[in-house]
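Hi everyone, thanks for making time for this. I'd like to walk you through one protein chain today, so please pull up the view and follow along.

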Amino acid sequence: MKIKVINRSRHNLPQYETPNSVGLDVRADIEKPIMLCPLERVLVPTGLYVEIPTGYEIQVRPRSGLAVKHGVTVLNSPGTIDPDYRGEIKVILVNISHDVFEIMPGDRIAQLVVSRYEQAEWDEVEQLSETNRGEGGFGSTGRV
């Protein structure tokens, strides 16, 4: 599958970093560093614009290295880019650490995952089928 893309950034197109990677690493298209303070969030431009085929979405997900090493993650994870969106891809980063984090121009800040989707139709009913779990949720199946 091919996705049409306009690259207005100073960087190469996102790429898979290993042969079996699922996510394409996307870079910060900024002119100067951004200092991201603890508990602060920022919208980081990428310079990328896409035309996603109907039936697909692009999910914006955190990079595990930024999360574990620096406490920086994607705030609305996973973010969804809909197939009818034509604006610039931007990433909402949040710093949940105690330290200031510096985002440098060209830093890999998130990953993009292309995924199929289906649109559902509601079937409004008066009763749902019974299951063993029933209404149990939020830890109802035990700790381990």
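Okay, let's begin on the inside. What lines the largest cavity? Going along the chain, the lining is Asn 7, Ser 9, His 11, Asn 12, Leu 13, Pro 14, Asp 25, Val 26, Arg 27, Thr 46 and Leu 48. Please keep in mind that this is a predicted model.

How much space is in there? The largest cavity holds about 60 Å³, and a search of the whole structure turns up 1 cavity of 30 Å³ or more. Sorted by class, its lining has 4 nonpolar, 5 polar and 2 charged residues. Two strands each put in at least two lining residues: S2, residues 24-27, and S4, residues 41-51. S2 has the largest share of that lining, with 3 residues.

Now let's zoom out to the whole chain. How many helices and strands are there? The count is 1 helix and 10 strands. Read along the sequence, the order is β-β-β-β-β-α-β-β-β-β-β. The radius of gyration is 19 Å, well over the 15 Å that the globule rule gives for 144 residues, so this chain is more spread out than a compact globule. If you box in the C-alpha atoms along the principal axes, you get roughly 55 × 40 × 30 Å.

Two more numbers for the chain. Of its 144 residues, 33% count as buried. And if you take contacts between residues at least 6 apart in sequence, 70% of them join residues at least 24 apart.

Next up, the pockets. The largest pocket has about 260 Å³ of space. What sort of residues line it? The lining is 13 nonpolar residues, with no polar and no charged ones. Lying nearest the centre of this pocket are Ile 3, Val 5, Pro 14, Leu 24 and Val 114. You've met Pro 14 already, in the lining of the largest cavity. S4 also comes back here: S4 and strand S10, residues 108-116, each supply at least two residues of the pocket lining.

The second largest pocket has a volume of about 190 Å³. It has 14 lining residues, and those nearest the centre are Val 60, Asn 76, Thr 80, Ile 81 and Lys 90. The elements giving two or more residues to that lining are strand S7, at 79-81, and strand S8, at 88-95. S8 gives the most, with 5 residues. By class, this lining splits into 8 nonpolar, 3 polar and 3 charged.

Let's look at a few single residues now. Start with Gln 59, which sits in strand S5, residues 56-61. Is Gln 59 buried or exposed? Its relative accessibility is 12%, and because the cut-off for buried is under 20%, Gln 59 counts as buried. The side chain of Gln 59 makes a polar contact of 2.6 Å with the side chain of Arg 61. Leaving out neighbours within four places in sequence, Gln 59 is in contact with Pro 78, Gly 79, Gln 111, Leu 112, Val 113 and Ser 115.

Pro 78, from that list, deserves a stop of its own. You'll find Pro 78 in the loop between strand S6, residues 72-74, and S7. The peptide bond from Ser 77 to Pro 78 is cis, with omega near -10 degrees. Why point that out? Most residues other than glycine have a negative phi, and most peptide bonds are trans.

The phi half of that brings us to Leu 39. Leu 39 isn't a glycine, yet it has a positive phi of about 65 degrees. Leu 39 is in the loop between strand S3, residues 34-36, and S4. With 69% relative accessibility, Leu 39 counts as exposed, because the cut-off for that is over 50%.

Last one: Phe 101, in strand S9, residues 101-103. Phe 101 is at 12% relative accessibility, so it counts as buried. Which residues does Phe 101 contact, beyond its neighbours within four places in sequence? Those are Ile 34, Met 35, Leu 36, Leu 66, His 70, Val 72 and Asn 95. Gly 47 is 54 residues away from Phe 101 along the chain, and their C-alpha atoms are separated by 21 Å.

That's my tour. Thanks for listening, and shout if you'd like to go back to any part of it.

Note on methods: Residues are numbered from 1 along each chain as its sequence is written. This is a predicted model: local features need pLDDT of at least 70, side-chain atom pairs count only at pLDDT 80 or more; totals for chains, interfaces and linings use all residues. Side-chain values use heavy atoms; hydrogens and water are left out. On a 1 Å grid over the protein atoms alone, a cavity is a set of points where a 1.4 Å probe fits but cannot get out, and a pocket is an open set with protein on both sides within 12 Å along at least five of seven lines; lining residues have an atom within 4 Å of a point. Grid points are joined across faces, edges and corners, and a volume is the space filled by probe spheres set on the points. Helices (H or I, at least four residues) and strands (E, at least two) are DSSP runs, numbered from the N terminus. Ala, Val, Leu, Ile, Met, Phe, Trp, Tyr, Cys and Pro count as nonpolar, Asp, Glu, Lys and Arg as charged, and the others, Gly among them, as polar. Buried means under 20% relative accessible area, exposed over 50%, partly exposed in between (1.4 Å probe, protein chains only). A polar contact is a pair of N or O atoms within 3.5 Å; within protein, one must be able to donate a hydrogen and the other to accept it, and residues adjacent in sequence count only if both atoms are side-chain atoms. Contact means heavy atoms within 4.5 Å. The radius of gyration is taken over C-alpha atoms; the globule rule is 2.2 Å times the number of residues to the power 0.38.
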